[in-house]
Amino acid sequence: MRFLAKYTLLKPLFLIVLVGCGGEGEVGQPIPPETFQPMVSCSEQPALSWENTGRLFLTNWCTGCHSSQLSGKARFGAPGGVDFETEALFLPFKERIEARTGGERPSMPPAGGPSQEERELFLRWTACLGRAN
Ligand code: HEC
């Protein structure tokens, strides 16, 4: 009976763990934009920019596959036209990139790599794009 009592006590915990693991954040699913709103002001100095943040992250982690300079097998399956080597090429994919590089289970790059800090800095820059402060 003692065992049973213990089990009954723990049961809600098991349930919480199970529910916590379910459904959310599936790979490739869109993540609401508010997830990316930075906790900091967008007017921090020095300002995050394409040059000091966006380009570095994308060059280090993405353009090995997502570059208009690459074709065929050299793209390792990255869809044609989904290229990020300039800010103009990157912009139309901003939201998809946020969804794939952020969240609890980022799915790009496919093999992982960027540290949590790198991802956060990059996503702070994308979140501040087009915002005054
Ligand atoms: C090793 C090659 C490789 C690297 C490096 C890579 N990708 Fe991809 N990417 C792929 C492949 C393969 C697909 C198509 C399959 C898929 O969507 O998972 C893809 C698809 C995408 C798509 C289009 C599909 C969608 O969800 O809208 C986006 C956006 C994307 N990647 C972003 C990124 C970003 C951002 C990085 C860097 C952080 C990155 N990728 C790094 C191979 C790569």
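# Briefing: a predicted all-helix chain with a ligand

Pro109 sits in the loop that links H4 to H5. The peptide bond leading into Pro109 from Met108 is cis, with omega near -10 degrees. Met108 is also among the closest residues to the ligand. The model is predicted. The chain has five helices and zero strands.

**Overall layout**

- Along the sequence the pattern reads α-α-α-α-α.
- The chain has 133 residues, and 20% of them count as buried.
- Take the contacts in the chain with a separation of 6 or more: residues 24 or more positions apart account for 64% of them.

**Confidence**

- The average pLDDT of the chain is 81, and 68% of the residues score at least 70.
- Confidence is lowest in H1, where the mean is 48.
- Confidence is highest in H3, at 98.
- Over residues 10–25 the pLDDT stays under 50.
- For residues 10–25 the model has three contacts beyond four places in sequence.
- Where pLDDT is low, the predicted coordinates should not be read in detail.

**Around the ligand**

- The ligand is surrounded by 19 residues.
- The closest of them are Cys62, Cys65, Gly77, Arg96 and Met108.
- Twelve residues of this shell are nonpolar, five are polar and two are charged.
- Helix H4, residues 94–101, gives the most to the shell, with four residues.

**Helix H4**

- The buried residues of H4 are Ile97, Ala99 and Thr101.
- Helix H5 (116–128) is included in what covers these buried residues.
- Just after H4 comes Gly103, with a positive phi of about 80 degrees.

**Helix H2: two sides**

- H2 has these buried residues: Gly54, Phe57, Leu58 and Trp61.
- They lie on the same side of H2, because they cover an arc of only 95 degrees around the axis.
- On the other side of H2, Glu51 and Asn52 are exposed.
- The buried residues of H2 pack against helix H3 (87–90) and against H5.

**The largest nonpolar core**

- This core holds 13 residues.
- Leu58 and Cys62 touch the most other members.
- Helix H2 (50–61) and H5 each supply at least two residues of the core.
- H5 gives the most, with five residues.
- Leu58 touches Thr63, Phe84 and Phe90, leaving aside residues up to four places away in sequence.
- Leu58 is also one of the buried residues of H2.
- Cys62 appears again at the ligand, among the closest residues.

**Cys128 and its distant partners**

- Cys128 is in helix H5.
- Cys128 counts as buried because it has 22 C-beta neighbours inside 10 Å, and 20 or more are needed.
- Ser41 lies in the loop between helix H1 (2–21) and H2.
- Ser41 counts as exposed because it has 10 C-beta neighbours inside 10 Å, and the limit is 12 or fewer.
- Ser41 and Cys128 are 87 residues apart along the chain, yet their C-alpha atoms are separated by 8.6 Å.
- Ala47 and Cys128 are 81 residues apart along the chain, with 9.8 Å between their C-alpha atoms.

**Backbone exceptions**

- Most residues other than glycine have a negative phi, and most peptide bonds are trans.
- Phe76 is not a glycine, although its phi is positive, at about 50 degrees.
- Phe76 lies in the loop between H2 and H3.
- Phe76 counts as exposed because it has 12 C-beta neighbours inside 10 Å, and exposed means 12 or fewer.
- The cis peptide bond from Met108 to Pro109 belongs in this group too.

Definitions and conventions:
Residues are numbered from 1 along each chain as its sequence is written. This is a predicted model: local features need pLDDT of at least 70, side-chain atom pairs count only at pLDDT 80 or more; totals for chains, interfaces and linings use all residues. A residue is near a molecule or strand if its C-beta atom, placed from the backbone, lies within 6 Å of it. Ala, Val, Leu, Ile, Met, Phe, Trp, Tyr, Cys and Pro count as nonpolar, Asp, Glu, Lys and Arg as charged, and the others, Gly among them, as polar. Two residues are in contact if their C-beta atoms, placed from the backbone, lie within 7 Å. A nonpolar core is a set of buried Ala, Val, Leu, Ile, Met, Phe, Trp, Tyr and Cys residues joined through C-beta atoms within 7 Å. The arc is that of the directions from the helix axis to the C-beta atoms. pLDDT is the predictor's confidence in each residue, from 0 to 100.
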